[in-house]
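Hi,

Here is the structure I promised to pass on. Have a look at it first, and then read my notes below.

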Amino acid sequence: MKKLITVIASALLLGASVFAEGYLSANDLALGDITAEKKEEDGFVLNANAANAMKVEDKTSEAAVCDGEKIVYRLSTKGSGSLTERSVSFPAKAGETIYIYAQSSGKSGSRSVHVVNADGVEIAEVAAGSYAETRDVKPLKVKAPANSTYTIYPTGGMLYIYLIRVAK
């Protein structure tokens, strides 16, 4: 009986790791400035330093909705980013889809969000809509071409990040 329970428990744990998805919600982050690299669950890393900080802000009165989920906090990049600063890194496997729920801080138009692999090669550039236009945030979708650590960051100014999800 003990062997059977051990086998079932092992199978459940293995199954959970095969089908686990990476997930970072601003709602789960501590409020305040981020002035150094900060590791989060599921392998997510917030890349910042004192000169190029990011900030987690409480926007309860202006909550975003991401696929029905109410997000009251947001991660502000506080400006343009790069591979090593004002960015978010995370692992993804070949074929997985990266869902980025983010908006430009600008009053109109869109802002470029770059998705770069561990070698610094850009695999996608997607446009995040304006924060002023809607609180219903649609995901930017990028397919991971290979197993790698991916990094997302904005150019052209500040980006508000609400949620990042990696899934099959």
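**Salt bridges and the core**

Asp 136 and Lys 138 meet through their side chains in a salt bridge, at 2.9 Å from N to O. Keep in mind that this is a predicted model. Asp 136 is partly exposed, as its relative accessibility is 36%. Lys 138 has a relative accessible area of 53% and is exposed, because the cut-off for that label is over 50%.

The count comes to four salt bridges, and two others are worth a look.

One of them pairs Glu 57 with Arg 74, whose closest N and O atoms are 2.7 Å apart. Glu 57 sits in strand 5 (residues 54-58) and Arg 74 in strand 8, so this pair ties together parts that are 17 residues apart in sequence. Arg 74 is buried, with just 5% relative accessible area.

The other joins Asp 33 to Lys 78, with 3.8 Å between the closest N and O atoms. Here distant parts of the chain are linked: Asp 33 is in strand 2 (residues 32-34), while Lys 78 is in the loop between strand 8 (73-76) and strand 9 (87-92), 45 residues apart. Lys 78 counts as partly exposed, at 37% relative accessibility.

Now for the inside. In soluble globular proteins, nonpolar side chains tend to be buried together. In this model, the largest nonpolar core has 42 residues. Val 88, Phe 90, Ile 98, Ile 152, Tyr 162 and Ile 164 have the most contacts inside that core. Strand 16 (residues 159-167) gives the core its largest share, eight residues.

Cheers

How values were computed: Residues numbered from 1 in each chain as written. Predicted model: local features only at pLDDT ≥ 70, side-chain atom pairs only at ≥ 80, totals over all residues. Heavy atoms only, no water. Core = buried A, V, L, I, M, F, W, Y, C linked by side-chain atoms within 4.5 Å. Buried < 20%, exposed > 50% of the residue type's maximum accessible area, 1.4 Å probe, protein only. Helix = DSSP H or I, 4+ residues; strand = E, 2+ residues; numbered from the N terminus.
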